[in-house]
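This report introduces the structure shown below to a reader who has not met it before. It takes up the sheet, the nonpolar cores and the aromatic pairs in turn.

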Amino acid sequence: MSCASRRHDTEHAPVRFRTISAVLAPSQYSLPVFTQTIPPPDITPWIKGNCGIEGVHHFEGPARGPHVVITALMHGNEYAGAYALNALLSQKIRPESGKLSLIFLNLKAFEQFDPQHPTRSRFVDEDMNRLWCPDLLRSGHQSYEINRIRAVAPLITEADRVLDLHSMFWDGPPLLLTGQKQKNINHSRAVASALTSPPWVIQDAPCQSGLRLIDHPHFLSDNTQATACLFETGQHWSTASQELACRAAALFPQICGITSSDQRATPVAANIKAPVAAVTHAVHARTDKFIFIKPFRNCDLIRRQGTLLALDGGEEIRTPYDNCLLVIPNLRPVKNHIALRLARAC
């Protein structure tokens, strides 16, 4: 079932209420002190690549089949996915049909990772996951990130299935983000349902600040069957995030039909299909005083319509309907950036 008609660009149900709130705003939340339980992986053996593109390994099977792509390191400090590609390459996973491309994206940002300042290596010049617009790629715009996208774009635009591995700054359950087309929901749900504890699959429209990889027109077009999903596997530097990224990456080629189970663990036969929700509102911080009333976590389900979530200057942010799912709340949002998304189950 698609919930595309409930997107946040219409916002029929209000979330903002201008009022003098009776709730005293809490102090701004301190940035968390995370223990980096996993160090950055050594990807040195794979940086050269095998197809003339740095950080890209491409393999073709003996029979025809779909082109499957798995990406990691869209952001240099999100390296759980790099462990997953490291494992696939070390295990010499090869397609029995079709093609398999494994791409380490933002190599330079990852190279600059500093455990003492772990948030500073997200990107070099600009957020790579806001630059996947064909017109922008054809323009004269220059940065390290956009030139890197230009290098790998031919593989992306011929891909049939893409798994883009990410992780989150604030701790919380994993989830899959995907586009509004039903083809994306169906395939993302198959991926999520193959995992031991199926995470939420979240249907979302393109970001207003720029296109993510999953927003590329190749995956949103009715003229192709190509699909893409973004998997937020957990907190950036946690063992659980690393293990889930490795599990999903190992299963993905099999789910896509280019390998058989004898190359890796057989997918879990989940008893319950992954739940699906559609984003209805993207809530931006309009002031530099946006404060949540409590430290909400990703995938918290708020049962009652009108529940107070945050204060943003002179406005209250409240849930617009019952059973409202909070998607990746940022407890320290920057003015004009997204503080959280709100979603409704399909």
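Two strands are said to pair if DSSP finds at least two bridges between them. The model described here is predicted.

**The sheet**

By that criterion, eleven strands make up an open sheet with mixed pairing, in the order 2-4-3-5-8-6-7-9-15-14-11. Strand 2 (56–60) and strand 11 (301–302) occupy the edges; each has a single partner strand, so one side of each lacks a neighbour in the sheet. Strand 9 (residues 276–284) and strand 15 (residues 338–345) run antiparallel and are joined by seven bridges. In this pairing, Ala277 is placed opposite Ala345 of strand 15.

Two helices may be described together with the sheet. Helix 1 packs on the sheet and touches strand 2, strand 3, strand 4, strand 5 and strand 8, its direction making about 135° with that of strand 4. Helix 7 also packs on the sheet, in contact with strand 3, strand 4, strand 5 and strand 8, and its direction makes about 175° with that of strand 5.

**The nonpolar cores**

The largest nonpolar core comprises 45 residues, and among those with the most contacts inside it are Ile43, Ile70, Tyr79, Leu163 and Phe231. Elements that give two or more residues to this core include strand 3 (63–72), helix 1 (80–90), strand 5 (161–168) and helix 7 (239–255). Helix 1 gives the most, with seven residues. Leu163 touches, among others, Ile70, Cys229, Phe231, Ala248 and Phe252. Apart from this core lies another, of 33 residues, including Met74, Trp132, Val327 and Ala343.

Ser188 belongs to helix 5. Its relative accessibility is 2%, so Ser188 counts as buried. The side chain of Ser188 makes a polar contact with the side chain of Thr178 at 3.3 Å. Ser188 also touches Leu176, Val201, Ala228 and Cys229.

**The aromatic pairs**

The count of aromatic pairs comes to five. Two of these are set out in the table.

| Pair | Centre to centre | Angle between planes | Arrangement |
|---|---|---|---|
| Tyr79 and Phe113 | 5.2 Å | 90° | edge-to-face |
| Phe169 and Trp170 | 5.3 Å | 90° | edge-to-face |

Tyr79 lies in the loop between strand 3 and helix 1, and Phe113 in the loop between helix 2 and helix 3 (134–138), so their pair ties together parts 34 residues apart in sequence. Tyr79 is buried at 0% relative accessibility, and Phe113 is buried at 12%. Together with Phe110, Tyr79 and Phe113 form one aromatic cluster. Trp170 is buried, with a relative accessible area of 16%, whereas Phe169, at 22%, is partly exposed.

Notes
Residues are numbered from 1 along each chain as its sequence is written. This is a predicted model: local features need pLDDT of at least 70, side-chain atom pairs count only at pLDDT 80 or more; totals for chains, interfaces and linings use all residues. Side-chain values use heavy atoms; hydrogens and water are left out. A nonpolar core is a set of buried Ala, Val, Leu, Ile, Met, Phe, Trp, Tyr and Cys residues joined through side-chain atoms within 4.5 Å. Buried means under 20% relative accessible area, exposed over 50%, partly exposed in between (1.4 Å probe, protein chains only). Helices (H or I, at least four residues) and strands (E, at least two) are DSSP runs, numbered from the N terminus. Contact means heavy atoms within 4.5 Å. A polar contact is a pair of N or O atoms within 3.5 Å; within protein, one must be able to donate a hydrogen and the other to accept it, and residues adjacent in sequence count only if both atoms are side-chain atoms. Axes are lines fitted to C-alpha atoms, for helices over the stretch in contact, and angles run from 0 to 180 degrees between N-to-C directions. Rings of Phe, Tyr and Trp (its six-membered ring) pair if their centres lie within 6.5 Å; planes under 30 degrees apart count as stacked, over 60 as edge-to-face and the rest as tilted. Lists of a residue's contacts leave out its neighbours within four places in sequence.
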